[in-house]
Amino acid sequence: MRLPLALLALAALGAAAAAGGAGREAAEAAQAGRFSTPEQHRCSWELRSAAGASELRLSCRPPAGGGAARSCAYRGEPRRCPAYGARSRQYWRQILGRLRRRRHPCAQGGPLSARLCGPGRAPPEAQLRLLPGPGPGPSPPAAAAEPTEDPAETYCAERWHSLCSFFVGFWEG
């Protein structure tokens, strides 16, 4: 009985020291969930944070008869984004939304960044980049690249995003 209690206390002290006393970072260390892509891949994700860097691990299964499952990981330093501290939940929601829209989340593509930490708002280290290394299973076809980014997300402030999207859509026809 003493040993498990001692291990639990030691783990709690280690987590508090690593998080610098911030409860949010300790809670962030064990987040997980699931989503589906437009191609009906079923993906599960797990977020791990340590020493300023965050790693988002994915494991995706294709629809029945679609091939082998793939695993990959994205790593970056979102804490370098000034808006991350106050709105980390919104940051991860935006990142997962981008992954949901990708046809193959583990396929090589551009770095992932949230709108609130977009170009000009945060250093490049704040973006999540796909870690090199082959996942199990064959790679997807080259034609399955991610569509180009929405210009409204790139050039408009977050609070004007819906209005800006309307005008960009109107302009593009």
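This briefing walks through the sheet, the disulfides and the salt bridges of the structure above. Keep in mind that the model is predicted. The fold has an open sheet of five strands, three disulfides and six salt bridges. Several of these links join parts of the chain that sit far apart in sequence, such as Cys-72 and Cys-106 or Glu-39 and Arg-103.

**The sheet and the helix on it**

- Reading across the open sheet, the strand order is S1-S2-S3-S4-S5, and the pairing is antiparallel.
- Strand S1 (31-36) and S5 are the edge strands, so to speak the two rims, since each pairs on one side only.
- H3 packs on the sheet, where it touches S1, S2, S3 and S4. The direction of H3 makes about 30° with that of S3.
- S4 and S5 run antiparallel and are joined by two bridges.
- If you want a residue to click on here, try Arg-75: its bridge partner in S5 is Arg-129.
- As general background, strands of a sheet pair through backbone hydrogen bonds, either parallel or antiparallel.

**Disulfide Cys-43 to Cys-60**

- The sulfur atoms of Cys-43 and Cys-60 are 2.1 Å apart, and the two residues form a disulfide.
- This link is right-handed, with 115° about the S-S bond.
- Cys-43 belongs to strand S2 (residues 42-50) and Cys-60 to strand S3 (residues 53-61), so the disulfide ties together parts that are 17 residues apart in sequence.
- Cys-43 and Cys-60 are both buried.

**Disulfide Cys-72 to Cys-106**

- Cys-72 and Cys-106 form a disulfide too, with their sulfur atoms 2.2 Å apart.
- The S-S torsion of Cys-72 and Cys-106 is about -75°, so this disulfide is left-handed.
- The pair links distant parts of the chain, 34 residues apart: Cys-72 is in strand S4 (residues 70-76), while Cys-106 is in the loop between helix H3 (88-101) and strand S5 (129-130).
- Cys-72 is buried, and Cys-106 is buried as well.

**Disulfide Cys-81 to Cys-117**

- In the disulfide of Cys-81 and Cys-117, the sulfur atoms are 1.9 Å apart.
- With a torsion of about -90° about the S-S bond, the Cys-81 and Cys-117 disulfide is left-handed.
- This one runs from loop to loop: Cys-81 lies in the loop between S4 and H3, and Cys-117 in the loop between H3 and S5, so the pair ties together parts that are 36 residues apart in sequence.
- Cys-81 has a relative accessible area of 2%, so it counts as buried, given that buried means under 20%.
- Cys-117 comes out at 5% relative accessibility and is buried by that cut-off.

**Salt bridges between loops**

- Glu-39 and Arg-103 meet through their side chains in a salt bridge, 2.7 Å from N to O.
- That pair links distant parts of the chain, 64 residues apart, with Glu-39 in the loop between S1 and S2 and Arg-103 in the loop between H3 and S5.
- Glu-39 is partly exposed at a relative accessible area of 30%, and Arg-103 is partly exposed at 36%.
- Glu-125 forms a salt bridge with Arg-80, and the closest N and O atoms are 3.2 Å apart.
- Here Glu-125 lies in the loop between H3 and S5 and Arg-80 in the loop between S4 and H3, so the pair ties together parts that are 45 residues apart in sequence.
- Glu-125 has a relative accessible area of 37% and is partly exposed; Arg-80 is partly exposed with 44%.

**Other salt bridges**

- Arg-48 and Glu-46 form a salt bridge, their closest N and O atoms being 3.2 Å apart.
- Arg-48 is partly exposed at 37% relative accessibility, and Glu-46 is partly exposed with a relative accessible area of 29%.
- A network of salt bridges links Glu-55, Arg-57 and Arg-75.
- Arg-75 thus turns up under two headings: as a member of that network, and as the bridge partner of Arg-129 in S5.

Methods: Residues numbered from 1 in each chain as written. Predicted model: local features only at pLDDT ≥ 70, side-chain atom pairs only at ≥ 80, totals over all residues. Heavy atoms only, no water. Disulfide = S-S within 2.5 Å. Helix = DSSP H or I, 4+ residues; strand = E, 2+ residues; numbered from the N terminus. Buried < 20%, exposed > 50% of the residue type's maximum accessible area, 1.4 Å probe, protein only. Pairing = 2+ DSSP bridges. Contact = heavy atoms within 4.5 Å. Axes fitted to C-alpha atoms, helices over the stretch in contact; angles between N-to-C directions. Salt bridge = Lys/Arg side-chain N within 4 Å of Asp/Glu carboxyl O.
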